[in-house]
Amino acid sequence: ITEVFPFVHRSKGVGIVQLATRAAASFNQFVNPIGLSALGWKYYIVYVVWLAIETTIIWFLYPETKGPTLEELGRLFEDENPMAKGRMDPDAERGYSEADVRGETIHIEK
């Protein structure tokens with residue numbers, strides 16, 4: 001997980017990830033037995049709902065990282081607002097305009 005943080009934020013980022021991981025482990029260790037004894041098998045519905053929420057958040061809020069090179073991903077994550085680029089178009093980072101992809105113009109150097 002350390003690779004996704006810029007170097008200056010790496011230690012704080014790893015600390016936050018560790019804190020979240022330990023909090024989730026504590027929850028699983030201490031709260032799950034209480035919930036299972038009180039609700040039985042119905043307690044698993046809580047996890048199904050939570051997984052649906054996580055999946056929705058990841059699907060709509062995380063930037064796409066399939067396809068671009070590591071350098072392009074570095075520029076994406078170091079940007080002021082990485083979500084402004086949305087689903088990243090690999091050709092946009094290589095100097096091609098959107099019209100180039102549709103075949104309307106020739107290659108334009110940046």
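User: What does "buried" mean here, in terms of relative accessible area?
Analyst: The model is predicted. Each residue is judged by its relative accessible area, with a 1.4 Å probe and protein chains only. Over 50% is exposed, and in between is partly exposed. Buried means under 20%.

User: What share of the residues of the protein count as buried?
Analyst: The protein has 110 residues. With the cut-off at under 20% relative accessible area, the buried share comes to 12%.

User: How many helices and how many strands does the protein have?
Analyst: Read the elements from the N terminus on: α-α-α-α-α-α. Strands number zero. The helices come to six.

User: What part of the contacts with a separation of 6 or more joins residues 24 or more positions apart?
Analyst: A contact needs heavy atoms within 4.5 Å. Take the contacts in the protein with a separation of 6 or more. Residues 24 or more positions apart account for 7%.

User: How much of the accessible surface belongs to carbon and sulfur atoms?
Analyst: The accessible surface of the protein is about 9100 Å². The part on carbon and sulfur atoms is 66%.

User: Which helix gives the most to the lining of the second largest pocket?
Analyst: This pocket holds about 240 Å³ of space. Its lining includes Phe5, Phe7, Leu70, Leu73 and Phe77. By class, the lining has seven nonpolar, two polar and three charged residues. Five lining residues come from one helix, residues 70–78, and that is H4.

User: Why do the buried residues of H4 line one face of the helix?
Analyst: The buried residues in H4 are Glu72, Leu73 and Leu76. Look down the axis of H4: they line one face because they fall within an arc of 100 degrees.

User: Which residues are exposed on the other side of H4?
Analyst: Exposed residues have over 50% relative accessible area. On the other side of H4, three names fit: Leu70, Glu71 and Glu78.

User: Is Val14 buried, partly exposed or exposed?
Analyst: Val14 sits in helix H1, residues 10–30. Its relative accessible area is 25%. Buried needs under 20%, and exposed needs over 50%. So Val14 is partly exposed.

User: Which residues does Val14 touch, not counting those up to four places away in sequence?
Analyst: Touching takes heavy atoms within 4.5 Å. With residues up to four places away set aside, Val14 touches Thr2 and Phe5.

User: What is the C-alpha to C-alpha distance between Val14 and Glu3?
Analyst: Glu3 is part of the lining of the second largest pocket. In sequence, Val14 and Glu3 are 11 residues apart. In space, C-alpha to C-alpha, they are apart by 10.0 Å.

Note on methods
Residues numbered from 1 in each chain as written. Predicted model: local features only at pLDDT ≥ 70, side-chain atom pairs only at ≥ 80, totals over all residues. Heavy atoms only, no water. Helix = DSSP H or I, 4+ residues; strand = E, 2+ residues; numbered from the N terminus. Areas by Shrake-Rupley, 256 points an atom, 1.4 Å probe, with all protein chains shown as cover. 1 Å grid on protein atoms, 1.4 Å probe; cavity = no way out; pocket = protein on both sides within 12 Å on 5 of 7 lines; lining within 4 Å. Points joined across faces, edges and corners; volume = space filled by probe spheres on them. Nonpolar A, V, L, I, M, F, W, Y, C, P; charged D, E, K, R; others polar. Arc of directions from axis to C-beta.
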